[in-house]
Amino acid sequence: MGVDVSVDVKVMDNPPEADVILLRREGDTWTNEQLQYLPDGIRDVSAQHVLIEFKYSELLNKNNPLADDLTLILLNKLPPEEYNAFVKLFASRKKEQKVALSMLNKGVIKKVSFREDVIDLGERLMRCYVENLPIEERLAGLQPEERLAGLQPEEVLRLYEPEEMLRLYEPEE
């Protein structure tokens, strides 16, 4: 549709860790077809290049002078419009995610001729999101057996010095 989406774009040397998406528009304005998929806060931008930073749980420090020129989009507060539905899938409130998914199932996804492509895109976006989570968040809630699934005992033991392992157990164990 004439929009190039770039993920994990390096925008400076030694940048802080960031999940950046770059949208580069071809042409002077968004087309009607493109506007169907762009949420509020982006669809209104006339810039040809749009950088998007996703913050799931971090706070934005308004004391930072660079923050004055940023547009902040709160996914939980976006109106329930079809064009907001794709990004609202990443809202922190489950209710907002469900409404967005329902809207996509009723409208946008059915309009797209290649539903499998949309589902594949959603799966790739989710996989990318999960892969970029800090390891603590990725492992949160997993039982020890689940964390070690697929590893052979020798592989686990290679990670630890014998002294480390012995410190974990009482002599009778």
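**Reading a three-stranded sheet and its surroundings**

User: How many bridges join strand β1 to strand β2 in this predicted model, and do the two strands run parallel or antiparallel?

Analyst: Strands of a sheet pair through backbone hydrogen bonds, in either a parallel or an antiparallel way. In this predicted model, strand β1 (residues 3–7) and strand β2 (residues 20–25) run antiparallel and are joined by five bridges. The register can be read from the residues that face each other across the pairing: Val3 stands opposite Arg25 in β2, and Val7 stands opposite Ile21 in β2.

User: Which strand order does the sheet have, and which are the edge strands?

Analyst: The sheet is open and holds three strands in the order β1-β2-β3, with antiparallel pairing. Its edge strands are β1 and β3, each of which pairs on one side only. From one strand to the next the twist averages 20°. As for the second pairing, five bridges join β2 to strand β3 (residues 49–53), again in an antiparallel arrangement, and here Arg24 stands opposite His49 in β3.

User: Where does the charged end of Arg25 sit?

Analyst: The charged end of Arg25, the residue that stands opposite Val3, sits over the ring of Trp30, at 4.8 Å from the ring centre. A further case of this kind is Arg43, which lies over the face of Tyr83, 3.6 Å from the centre of that ring.

User: How many aromatic pairs are there, and why is the pair of Tyr37 and Phe86 called tilted?

Analyst: A pair of aromatic rings is described by two quantities, the distance of the centres and the angle of the planes. The count here comes to two aromatic pairs. One of them is formed by Tyr37 and Phe86, whose ring centres are 5.7 Å apart and whose planes stand at 35°, so the pair is tilted, given that the tilted class lies between under 30 degrees for stacked and over 60 for edge-to-face. The pair links distant parts of the chain, 49 residues apart, with Tyr37 in the loop between α1 (32–35) and β3 and Phe86 in helix α2 (residues 82–88). Tyr37 itself is partly exposed, with a relative accessible area of 24%.

User: Is Glu96 buried or exposed, and which residues does Glu96 touch?

Analyst: Glu96, found in helix α3 (residues 94–106), is buried, because its relative accessible area is 17% and the cut-off for buried is under 20%. Leaving aside residues up to four places away in sequence, Glu96 touches Asn76, Lys88 and Ala91. Glu96 and Lys77 are 19 residues apart in sequence, while their C-alpha atoms are 8.8 Å apart in space.

Definitions and conventions: Residues are numbered from 1 along each chain as its sequence is written. This is a predicted model: local features need pLDDT of at least 70, side-chain atom pairs count only at pLDDT 80 or more; totals for chains, interfaces and linings use all residues. Side-chain values use heavy atoms; hydrogens and water are left out. Two strands pair if DSSP finds at least two bridges between them. Helices (H or I, at least four residues) and strands (E, at least two) are DSSP runs, numbered from the N terminus. Axes are lines fitted to C-alpha atoms, for helices over the stretch in contact, and angles run from 0 to 180 degrees between N-to-C directions. Buried means under 20% relative accessible area, exposed over 50%, partly exposed in between (1.4 Å probe, protein chains only). Contact means heavy atoms within 4.5 Å. Rings of Phe, Tyr and Trp (its six-membered ring) pair if their centres lie within 6.5 Å; planes under 30 degrees apart count as stacked, over 60 as edge-to-face and the rest as tilted. A charge sits over a ring if NZ of Lys or CZ of Arg is within 6 Å of the ring centre and within 35 degrees of the ring normal.
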